[in-house]
Structure formats: structure tokens, C-alpha cells
Amino acid sequence: MLPTIDWVDNEVVMVDQRKLPTREVYVRCKTATEVARAIKTMVIRGAPAIGVAAAMGIALEMRRSKATGTKQFTTEFQKACELLAGTRPTAVNLFWAIDRMRRVFSDTAHAGASVGELQARLAVEARAIHDEDVASCRAMGAHGATVVPNPARILTHCNAGALATAGYGTALGVIRGAVDAGIPVTVLADETRPFLQGARLTAWELVKDGIDTTVITDNMAGALMRQGLINFVVVGADRIAANGDVANKIGTYTVAILAREHGIPFYVAAPLSTIDLATADGAQIPIEERPIREVTHVGTTQVTPDGASIRNPAFDVTPHGLVSGIITERGIARAPYQASLRAFFAAPDAAPRP
Ligand code: MRU
């Protein structure tokens, strides 16, 4: 299992995803500020992974608190939550994880816990969020394998793998699930400009696992679909609205349109922590604009002329009508998503919601 993020000797340790695939370097965070910086600067990225990082960052910060009473401890806790919540706006897993930490904090504080007990409880919760995410990914893998064609020629976009989660992956979890089920699988990984999550991270993970992987530039998918070289698409998600609209890495919408045109199933794999029933539709999802340097440069090489205007929206929204199904740890939701997604939350052992 790839070491995306872990809590080791009271530090949060993450593989630096900016440096992959050429260098495997680990970043050790001692404070919430360091974790927040790691999220903002993409040391760690991917919706579930940043949720786990935020929870661990809060637990870490509170562990080093010198507060002697719960009043001061509570003030520091609120500050840490706000700091982490300000890092990235689109992936709802971040806010879901922070809300979960807030709920645990207030339940434990209301029960009259001491500062030491609160510190211990927050650390346990952060670890639980991590472990539950791995279990959810594995369940998604098993559910997803039931809809993967045999043999499969799968296109994926961005990185929704072990690196984007606590381990195993969402979209790549489905691919791993299909491989585990004995389905012959080849993968086409969109390079995913501008940050190259597909070329750098998805290909790195899948090659490490011995899964046949071919990297293509984002503008090649249509031609390859037309040649019959793709028979299934699976992607992750950063936030899924109550009506099933899906925010995911910029370019996902284009892939979904192409899949529809060529009659290829287009699936989204995401845990319930990515589903935001409080957001009615995709138009309400905030879309992060990232620094333009990600577009103007590839590595250290400038590829655009000075003076050109640049846009860098990091995500787009795929309307629910283009989505064949949403693979979750509870099963596969089908249209109408308004009802099918809600039903997963109503089930007794569904993930807790804010
Ligand atoms: O900007 P990033 O790299 O954080 O974007 C990641 C994605 O868009 C992933 O597809 C998404 O978070 C799903 S990860 C399981």
C-alpha cells in the first residue's frame, strides 16, 4: 500500500506529490500551519487525502497545545479548524473531515472531558477517518468491479488513486478491484494538464502495481474512443451535488461528453464523504482558481508568452445526465441521483454527516 499520509511519532508524514514520479521525498509536518501549507501547495492533493490531512493537522496542533483549561483549548481548536478550512474550496471531503472533528470535540467537551482527554479523542478520530477511507476505497473497488467490462480498456482522468486517498483509491480502486476480480485490464491515463496528476501520479501508481498503463495527452481521448480503444471510463470526484452533478478535475466534463458521443459508460467513484447533499446542484459548487504559473510553465520551462491572459480553473462540473453511475462504498447509485444518493445516507451504517 502506498504511503500517502501517516501519523508517525506525533508528526504527519506525507509523500511529496509535487516531486513524483522522479523523486520519492517525504514531508514531515509538526503543526496545523505546516499541514495547511502542504495542502495549499499540493504536497498532498486529492479530495479524500486532503480531508484526512486536515483532520490529522487539527489533531496534531491540539496535541502540542499548552492550554491549561478547556476555554483556551477550545479557542485554539476553532483557530486550527478555520486555518485548515481555508486551504482549498472545492473538495467537500475537507469540510466533511473538519466538521467531523468539530462534532467529536463538542461531544467530548460536553461530557466534561479534560484537555488531555480531548487531545486523545481528536487523535483517535483523525486516525479513524484515515482507516475508514481505506475501507471505503476497498468497498468501492469491489462494487465497481461488477460493472467493468471483460476485457477492459479503461480511461481515467487526473489521479483518483492511493495518492488521492488514505490508500487504494476511488477510481483506481475500481481498476484495482477489477484486476483483483481477474478481469484483464489496460488503462489509458490522461496526462491531466496543467498539474499532470495523470502522467506523474496515476501512471506511477499503476506501473508500480504492474497494471498495463499508457499515458496519453488530454486531447487524444476522442480519437482513441473513435478507434474503439476505450470501453469504460472511471474518474473520481471532489464534490457531488444532491442531484448527482459531479465536480472533478478540469477536463472531466470533456471526457464525459466524449464518452456519451461514443456510447462508452462513464462512471464516477467516490465515498459518501464526497457527496454534499446540502449543495443542490453543480452550479453551486465553488471552483478553485489556481496560480497561473501552473499553466504558464511546465516544470521550470515557460510555455506561454509574457502578456497573454491565463485562466486556471482547477475543476469542472459534469452534469448528472452524463453519468452512468456513481460507485460508492454502499453500492452503485443510478439516476435519478436525487433519490439514490439520499437513500445511501438513510441506510443505518452510512458515513456520519455534518
Ligand atoms: O487538484 P487535485 O489534484 O486535488 O484534484 C484531484 C481530483 O480532481 C481527483 O480526481 C479527486 O479529488 C478525486 S480523488 C479520489
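## Helix packing, sheet and backbone geometry

In the predicted model, helices H2 and H4 cross in a right-handed sense. Helix H2 spans residues 47-63 and helix H4 spans residues 92-110; their axes lie 7 Å apart and form an angle of about 30°. Because angles under 35 degrees count as roughly parallel, H2 and H4 are described as roughly parallel to each other. On the H2 side, the contact is formed by Ala47, Pro48, Ile50, Gly51, Ala54, Ala55, Ile58 and Ala59. These residues meet Asn93, Leu94, Ala97, Ile98 and Met101 of H4. Classified by residue type, the contact of H2 with H4 comprises 11 nonpolar and two polar residues, with no charged residues.

A second helix pair is formed by H1 (residues 32-40) and H3 (residues 70-85), whose axes come within 9 Å of each other and cross at roughly 10°. Helices H1 and H3 are therefore also roughly parallel to each other, and their crossing is right-handed. Helix H1 contributes Ala32, Thr33, Val35, Ala36 and Ile39 to the contact, while helix H3 contributes Ala80, Leu83 and Leu84. By class, seven residues in the contact of H1 with H3 are nonpolar and one is polar, and no charged residues take part.

Strands of a sheet pair through backbone hydrogen bonds, in either a parallel or an antiparallel manner. In this model, three strands form an open sheet in the order E1-E2-E3, with antiparallel pairing. Strand E1 (5-8) and strand E3 (26-29) occupy the edges; each has a single partner strand, so one side of each is left without a neighbour in the sheet. From one strand to the next, the twist averages 25°.

Strands E1 and E2 run antiparallel and are joined by four bridges. Within this pairing, Asp6 stands opposite Val13 in E2. The two strands form a hairpin with two residues between them, and Asp9 in the turn adopts a positive phi of about 50°. Strand E2 (residues 11-15) also pairs with E3 in the antiparallel sense, again over four bridges. Here the bridge partner of Met14 is Val27 in E3. The two faces of E1 are unlike in their covering: Ile5 and Trp7 make up the covered face, whereas Asp6 and Val8 make up the uncovered one. Helix H2 lies across E1, E2 and E3, and runs at about 20° to E1.

Helix H6 (residues 171-180) is mostly covered, with eight of its 10 residues buried. The buried residues of H6 are Ala171, Leu172, Gly173, Val174, Ile175, Arg176, Gly177 and Ala178. The helix is followed by Gly182, which has a positive phi, near 90°. The accessibility of Glu261, in helix H9 (residues 252-261), was also examined. With a relative accessibility of 64%, Glu261 counts as exposed, because the cut-off for exposed residues is over 50%. The C-alpha atom of Glu261 is separated by 27 Å from that of Ala339, a residue 78 positions away along the chain.

The remaining features concern the backbone. Most residues other than glycine have a negative phi, and most peptide bonds are trans. Met42, although not a glycine, has a positive phi of about 70°. This residue is placed in the loop between H1 and H2 and is buried, with a relative accessible area of 2%. Thr192, likewise a residue other than glycine, has a positive phi near 70°. Its position is in the loop between E5 and H7. At 0% relative accessibility, Thr192 counts as buried, since buried means under 20% relative accessible area.

The loop between strand E5 (185-190) and helix H7 (197-208) also holds Pro194. The peptide bond from Arg193 to Pro194 is cis, with an omega near 5°. Another cis peptide bond leads from Asn150 to Pro151, with an omega near 0°. Pro151 belongs to the loop between helix H5 (115-145) and strand E4 (152-156).

Methods:
Residues are numbered from 1 along each chain as its sequence is written. This is a predicted model: local features need pLDDT of at least 70, side-chain atom pairs count only at pLDDT 80 or more; totals for chains, interfaces and linings use all residues. Side-chain values use heavy atoms; hydrogens and water are left out. Axes are lines fitted to C-alpha atoms, for helices over the stretch in contact, and angles run from 0 to 180 degrees between N-to-C directions. Angles under 35 degrees count as roughly parallel, over 145 as roughly antiparallel, 65 to 115 as roughly perpendicular and the rest as oblique. A crossing is left-handed if the near helix is turned anticlockwise from the far one by less than a right angle, and right-handed if clockwise. Contact means heavy atoms within 4.5 Å. Ala, Val, Leu, Ile, Met, Phe, Trp, Tyr, Cys and Pro count as nonpolar, Asp, Glu, Lys and Arg as charged, and the others, Gly among them, as polar. Buried means under 20% relative accessible area, exposed over 50%, partly exposed in between (1.4 Å probe, protein chains only). Two strands pair if DSSP finds at least two bridges between them.
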